[in-house]
Amino acid sequence: MSLPPVEIPLGAMRFNSDSQKLEYFNGQIWMQVHTKTASAGNSGGTRGLFYRGYAAPTNSNVIDYITMSTAGNAVDFGDGLTDARQAGATGSNTRAVVVGRDSANNTIEYVTFASAGNAADFGDSTAARAGAPSAVSNGTRGLFAGNDGPISNIIDYVTIAQTGNATDFGDLSVTHSDGGRCQSSTRGIVAGGRSSDPYTNVIDYITMASTGNAADFGDLSSARNEIASDSNTVRGIFAGGSTGSNVNTMEFITISTLGNAQDFGDQSAATSSGRGSCSSIRFVFALGNSNNETIEFVELATRGNSINFGDLTVGRTQAAGVSNGHGGLG
């Protein structure tokens, strides 16, 4: 007797042992996941940064980096322009751009992934931000969505390859600060965050190549802020956060389709104020919480709980995460 056909869920991922390629199911056929090689200038592959943060009782200007393909402790990269926390960070293969501080400021700063060193001034955002906007990129444009001080729904953008001031892009569907983000090469995703409610579970998406307002994508399972998040080209991850109480929940979406987030697994502990970044294979994130130095990771292709990666050079929270191999780059 033959068995009934197995239904393959949309967005499922597999490793094809014949082609030696990672594939995802688009609802009809298996499609190969295409990625670009990050030009990190180091032999270890994709480089992830943890940018500034709060090392109680003071803010920190420390920038750490990790090589995402190999577990291990973070290494000193350089310093941000000032001691601060609460920033949004995104980037291209070559540069990371960062905006937002815990006190209202419109400064955008940047570093070059390939060479460790201190940050330099990039330009100014369209509004002074006191909080962490959700930052996304398609490799050419960097977008900063949401704002605190006061909380708002603004989106602005820069061209990453050239320094200069940001330009208005459009608006989110809700006021937002300190939420999650992820991206493909075409879409930017903004999820959750602090709003007037005081939190939201709304997931918005932005078409990055053309300016305009965000549109509804779906919902997180709960309204929360201070979420660690990022993506490869296919799957976005949202980890931890605060609903009023910290959670250990990790959820995922398939970026190319609309819909609500689904369960991925659990962090090792309930935390908020973590930050993270992705390669084409891994999501690596600092757990957050005051003076916590723990870094954990998951493999994006398979659901499951996070495991230990290593430690930050300085235990801290709200350290912005960014890599030169995230989902907007290929």
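The largest cavity in this predicted model holds about 140 Å³ of space. It is lined by 16 residues, and those closest to its centre are Ala87, Pro133, Gly179, Arg181 and Arg275. Five strands each give two or more residues to that lining: E7 (88-91), E11 (134-137), E19 (228-231), E23 (275-278) and E27 (320-323). By type, the lining of the largest cavity has 8 nonpolar, 6 polar and 2 charged residues.

A search of the whole structure gives 2 cavities of 30 Å³ or more. The second largest has about 40 Å³ of space. Its lining includes Leu172, Val174 and His176, and also Val202, Ile203 and Asp204. Strand E14 (167-176) and strand E17 (202-207) each supply two or more of the lining residues. Here the split is 5 nonpolar, 2 polar and 1 charged.

Now the aromatic rings. The count is 7 aromatic pairs. Take Tyr157 and Phe169: the ring centres are 6.0 Å apart and the planes stand at 85°, so this pair is edge-to-face. Tyr157 is in strand E13 (residues 152-159) and Phe169 in strand E14, 12 residues apart. Are these two buried or exposed? Both Tyr157 and Phe169 are buried.

Phe252 and Phe264 make another edge-to-face pair, with 6.2 Å between centres and 75° between planes. Phe252 belongs to strand E21 (residues 247-254) and Phe264 to strand E22 (residues 262-271), so the pair ties together parts 12 residues apart in sequence. Phe252 has a relative accessible area of 2% and is buried; Phe264, at 3%, is buried too.

Last, charges over rings. The charged end of Arg141 sits over the ring of Tyr157, 4.2 Å from its centre. For Arg47 over the ring of Tyr65, the distance to the centre is 4.1 Å.

Note on methods. Residues numbered from 1 in each chain as written. Predicted model: local features only at pLDDT ≥ 70, side-chain atom pairs only at ≥ 80, totals over all residues. Heavy atoms only, no water. 1 Å grid on protein atoms, 1.4 Å probe; cavity = no way out; pocket = protein on both sides within 12 Å on 5 of 7 lines; lining within 4 Å. Points joined across faces, edges and corners; volume = space filled by probe spheres on them. Helix = DSSP H or I, 4+ residues; strand = E, 2+ residues; numbered from the N terminus. Nonpolar A, V, L, I, M, F, W, Y, C, P; charged D, E, K, R; others polar. Phe/Tyr/Trp six-rings, centres within 6.5 Å; stacked < 30°, edge-to-face > 60°. Buried < 20%, exposed > 50% of the residue type's maximum accessible area, 1.4 Å probe, protein only. Lys NZ or Arg CZ within 6 Å of the ring centre and 35° of its normal.
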